[in-house]
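Thanks for coming. I will go through one model this morning, starting with a term and then moving from the helices to a few single residues.

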Amino acid sequence: MTNRRRIGGVARAALLAAAGAMLLAAQTSADDLKVTVGKSLVIDYPTDIGRISTSNPEIVDPVAVSTREVLLHAKTHGVATVVVWSRAGQRTFYNVSVEHNLEPIRRLLKETFPQEEIQVQAARDSVALTGRVSGKEVGERAAALVASLAKTVINNLQVTAAPVEKQILIRVKFAEVNRNASDSLGFNLISTGALNTPSRVTTGQFGPPGITELGGAIGGGAQGTRSSFTISDALNIFAFRPDLNLAGFVRALQSKGMLQILAEPNLVTTNGKEASFLVGGEFPIPILQGGANSGAVTIQFREFGIRLTFTPTLTANKTIKMYVKPEVSTIDLANAVTFSGFTIPALATRRMETNIELGEGQSFVIGGLIDDRTTESLSRIPGLSHIPILGVLFKTRSDQKSKSELVVMVSPEIVQPLNPSDPKPIPVMPKEFLPPLGTPSGKAAPAKTKSNGERKQAGAPAAANPLNSASKR
């Protein structure tokens, strides 16, 4: 009898422990619910509802709309616990997470950055951006775009490693031809005493002789009178007859000239980077100082030659947009200025500055000039110049004609560097710099037998321009 009582007590204790465990599990376990801000959720309860409670009514507001339906209103971001009691005393726990409505944000990012992999995640009252973008600027723009739709934005976007920048080669061709021709004819006549009359006849166009001394006496005769002339320019034909006291200066000259320039500067740079180079030199210019060093002269140097500056940008249309500034300048001594004993040369400059957009390998003429000029001048002495035959001696004529043609063309290309196994182009040297030791001067060194590999290397054609051998994309 005693044993039966003991067994019954143990069974009751076990049943009580199991019931307590089940009750504790029912209280601790909860259903997880997720709802976005501003939306509502309906819970269908299996039995009649007795009471409802929420841990934070500012986040979730529960309302019993019927005996077995509970309506949850999501008011703001956060987490709250909702407890529902049945009339029989059973309790059910719901962990409700109120999150952002991420669909508008995802749609906005997808439309704005269709080529980027951007994920959006919500954490309480903040929005986190994850994934990879092509550049730092894209990540900053995406975070700024989402900032207006969320209280806090956490930017965890990673920048994808940039690929190797493409090398862009620009070829520029300057082609210029200047031709000029001139024809001049003129006369200067002087008399040192012919017919007892010292005189000078000139049109004044070609450096006439100047009178430096002329003397005479009142009532005196012509004999003994002395006259002196200074010849500053004998022109190109000069004759003097002392017995006749006559001298003649003749300018009869025809001249032709031509200037031809063909320059092909090539330059390589990466996408979006400016590059420039100058092939030429510098010439000195005296500069007069002021202030405490007033009167002192210093020397500054100015550049001249062939200059090229350009900035290429690859576009999404597979074109190359370029800012190009080519320039060709030469020293012009014909327009030089002499100041305080210094001869300062002028510069003849051809310069272009423009923006163009071309496809790879295409060419475009960015500048051109055709300049035809004709200058005619005629000087004559009225009356005397109309005398038949002899009137030509009292006329001076000068004709000048010039014609200039200039074309500037650019061609961009995308190139790749040479591989280690590719032959390296070098300029062709017409003569050997130094003969090998032991070789008599003026005699070539004996040829050596080369292996197949060396023959191929030696037989590779050398390019005059190293940039022409860069392999294209």
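When I say that one part covers another, I mean contact, that is, heavy atoms within 4.5 Å. With that in hand, take helix α2: the parts that cover its buried residues include β8, β9 and α3. This is a predicted model, by the way, not an experimental one.

Which residues of α2 are buried? They are L102, I105 and L109. Looking down the axis of α2, these buried residues fall within an arc of 60 degrees, so they line one face of the helix. The general background is that an α-helix has 3.6 residues a turn, so residues three or four places apart point the same way. K110 and E111, on the other side of α2, are exposed.

Now helix α3, residues 136–146. Its buried residues are V138, G139, A142, A143 and V146. They sit on the same side of α3, because they cover an arc of only 130 degrees around the axis. The other side of α3 has K136, E137, R141 and A144 exposed. As for the cover over the buried residues of α3, it includes α2 (102–112), β8 (117–123), β9 (126–133) and β10 (152–159). So α3 is part of the cover for α2, and α2 is part of the cover for α3.

Just ahead of α2 there is a loop from β7 (91–99), and H100 lies in that loop. Is H100 buried or exposed? Its relative accessibility is 7%, which is why H100 counts as buried. H100 is also 9.4 Å from L149, C-alpha to C-alpha, although the two are 49 residues apart in sequence.

Next, a charged residue. D332 is found in strand β20. D332 is buried but has no salt bridge. How far away is the nearest side chain of opposite charge? That side chain is R350, at 8.1 Å, and a salt bridge would need the charged atoms within 4 Å. Setting aside neighbours within four places in sequence, the contacts of D332 are P345, A346, L347 and A348.

One more residue, K318, is in the loop between β19 (297–314) and β20 (319–339). K318 has a positive phi of about 60 degrees, and K318 is not a glycine. With 77% relative accessibility, K318 counts as exposed.

Stepping back to the whole protein, there are four helices and 25 strands. Of the 473 residues, 27% are buried. Take the contacts between residues at least 6 apart in sequence: 62% of them join residues at least 24 apart. The accessible surface is about 31200 Å², and carbon and sulfur atoms account for 55% of that.

Last, confidence. The mean pLDDT is 76, with 77% of residues at 70 or more. Where is confidence highest, and where is it lowest? Strand β22, residues 354–359, is highest at 90, and helix α4, residues 452–459, is lowest at a mean of 39. Residues 447–473 stay under 50 in pLDDT, and the model gives that stretch 38 contacts beyond four places in sequence. Residues 18–28 also stay under 50, with five such contacts. Where pLDDT is low, the predicted coordinates should not be read in detail.

That is what I have. I will take questions now.

Terms used: Residues numbered from 1 in each chain as written. Predicted model: local features only at pLDDT ≥ 70, side-chain atom pairs only at ≥ 80, totals over all residues. Heavy atoms only, no water. Helix = DSSP H or I, 4+ residues; strand = E, 2+ residues; numbered from the N terminus. Buried < 20%, exposed > 50% of the residue type's maximum accessible area, 1.4 Å probe, protein only. Areas by Shrake-Rupley, 256 points an atom, 1.4 Å probe, with all protein chains shown as cover. Lys, Arg positive; Asp, Glu negative; His and termini not counted. Arc of directions from axis to C-beta. pLDDT = per-residue confidence, 0-100.
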